[in-house]
Amino acid sequence: MTTAHGKALAAGLALLLTAAASAVGTGSAAAAGSTVQLPVLSTRLDADAACTAGSSVRATDVPWEQVSLQLTRTWPFASGAGVTVGVVDTGVSDSAPALKGRVTAVGDGGTDCVGHGTFVAGLIGAAVADGVRFAGVAQQARILAVRGSDARGAVTAERVADGIRAAVDGGAKVVTVSAALAGDNPTLRSAVALAAKKDVLVIAAAVPDAPATATSATDSPPARDYYPAAEDGVLSVLDVDVDGKRPTGAYTTDSAAVAAPGDGVVGIGPAKNGHYIGSGASLAAGFVAGAAALVRSVHPELTAAQTASLLRSSAYPADVPRLDPYAAVTSVLTSASAPAAAAPASPVHLPADKAAGPLRRALWPASAGLAVIIAVVWLGLVLPRGRRLGWRPSRPEDAVTPDGSETPGSTPDTATAVTVGVGGPGPTEG
């Protein structure tokens, strides 16, 4: 073996080992054909931690979640244009390149120290960048940035409720809430009721994002409801992995409406053109919010409740139905999903059959010929046999005399109709 060949083989082995090591890393983002090591997204920051600066590492291949959701099949039918999605989170950076020109902020919602809200907004509507195949679900939807936490990501029921109200008042038709609180709260119920009254679809994480210390299923707290996801009228979302299963150590709940990718998903940061990797039901809720924007863009006549129903009914069957944006967008609406006031569908008019006229004209001679054949058979076979058996047509003179006796040539009533058949017996003599 030459020295050049030896160096080439060594380099190839090194690349294979590097790829294998990256594939098992906790911060790896698997894509079609390669593996890229991405920084892990934080859900909140300590008081003394620096703000998230942004990533310089880019995911260049299609993330598994986009393949799972069949987004490339969905985009020719819907884009999210004309729909505003409110993101109630840590804020959404209005300087994020993938969201440029489509972020409107409420108060200080246009800054995002943590980066979580920007990540979620990117899942909803990030645009495609050169050399990057990652993209949001609804790339033409607008984002309404609303702070639902403090600057470090800590949440309370009051902050979340204020965020929902602000998103509704700001004109959002879809609102996603990343927080999952352990207790119900009248303030939250009031905010959700306001959204329902204004025909705004609220989507929320059914459970909190998995704790960083959880390493197995036994580390997870018992199943329970979390809020606002458990409120009436809210579409609650669970996270699943690439195999459609719940991630190890994830929180659980007694009920959820729909599931979406939420384990090891790729997203954007608050600055730069790079990407992060993150996990949790809050990210799954972002995918569902993007799908809701697609549906409301192509079916603006649907109410918020009908949009939620369509997302559930079109989802892939599973213990918790898995989101299917393509099916939701391309579904034929029925009376259960279409508005009650919708106009009845126009009658269906089939195209004229140009071959029908000539065909009918061709059948007339055939029908006439068949009639002639039947007549010939009747005259040649059936009539002579009937005469041999003594049958003859009745005549007016074959009548009964006034004294009740029969005239000559008449037959008894029982022989008036003689059964004629091949091989059958003749009439009985009296």
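This is a stop-by-stop tour of the structure above, with something to select at each stop.

**Before you start**

The model is predicted: local features need pLDDT of at least 70, side-chain atom pairs count only at pLDDT 80 or more, and totals for chains, interfaces and linings use all residues. Residues are numbered from 1 along each chain as its sequence is written, and side-chain values use heavy atoms, with hydrogens and water left out.

**Stop 1: the whole chain**

Show everything as a cartoon. The protein chain has ten helices and eleven strands. Both are DSSP runs numbered from the N terminus: helices are H or I with at least four residues, strands are E with at least two. Now colour by accessibility. Of the 430 residues, 41% count as buried. Buried means under 20% relative accessible area, exposed means over 50%, and partly exposed lies in between, with a 1.4 Å probe and protein chains only. Next, think about contacts, meaning heavy atoms within 4.5 Å. Among contacts with a separation of 6 or more, residues 24 or more positions apart account for 73%.

**Stop 2: the seven-stranded sheet**

Select β3 to β9. They form an open sheet in the order β4-β5-β3-β6-β7-β8-β9, with parallel pairing. Two strands pair if DSSP finds at least two bridges between them. At the edges sit β4 (103-105) and β9 (258-261), each pairing on one side only. From one strand to the next, the twist averages 30°. Angles run from 0 to 180 degrees between N-to-C directions, and axes are lines fitted to C-alpha atoms, for helices over the stretch in contact.

Zoom in on β8, residues 234-240. Four bridges join β8 to β9, and the two run parallel. Which residue of β9 stands opposite Val240? Select Pro261 to see the partner of Val240.

**Stop 3: helices on the sheet**

Add α5, residues 157-169. This helix packs on the sheet and touches β3 (84-89), β5 (142-147) and β6 (174-177). The direction of α5 makes about 150° with that of β5.

Then add α7, residues 281-298. α7 lies across β3, β6, β7 (201-205), β8 and β9. Relative to β7, α7 runs at about 160°.

**Stop 4: the two sides of α6**

Select α6. The helix has twelve residues and reaches 16 Å from its first C-alpha to its last, close to the 16 Å expected at 1.5 Å a residue. The expected span is 1.5 Å times one less than the number of residues.

Show Leu188, Ala191, Val192 and Ala195 as sticks: these residues of α6 are buried. They cover an arc of only 95° around the axis, which puts them on the same side of α6. That arc is the one of the directions from the helix axis to the C-beta atoms. What covers the buried residues of α6 includes α5, β7 and β8. Turn to the face away from the buried side, and you meet the exposed residues Pro186, Ala196 and Lys197.

**Stop 5: charged partners**

Side chains of opposite charge can pair when their charged atoms come close. Here a salt bridge is a side-chain nitrogen of Lys or Arg within 4 Å of a carboxyl oxygen of Asp or Glu. The count comes to six.

Select Asp199. Its side chain meets that of Lys173 in a salt bridge, at 3.9 Å from N to O. Asp199 lies in the loop between α6 (186-197) and β7, and Lys173 in the loop between α5 and β6, so the pair ties together parts that are 26 residues apart in sequence.

Asp199 also forms a salt bridge with Arg296, where the closest N and O atoms are 3.0 Å apart. Arg296 lies in helix α7, so this pair ties together parts that are 97 residues apart in sequence. Lys173, Asp199 and Arg296 are thus one network of salt bridges. Is Arg296 buried or exposed? Arg296 counts as buried, at 6% relative accessibility. Asp199 is partly exposed at 24%, and Lys173 is partly exposed at 30%.

Move to Asp239 and Arg246. Their side chains meet in a salt bridge at 2.8 Å, N to O. Asp239 is buried at 4% relative accessibility, whereas Arg246 is partly exposed at 28%.

**Stop 6: the hairpin**

Finish with β10 (265-268) and β11 (275-278). The two strands pair in the antiparallel sense over four bridges. They form a hairpin with six residues between them, and Lys272 in the turn has a positive phi of about 65°. Val265 has Gly278 of β11 as its bridge partner. Val265 and Gly267 point one way from β10, Val266 and Ile268 the other way, and all are buried.
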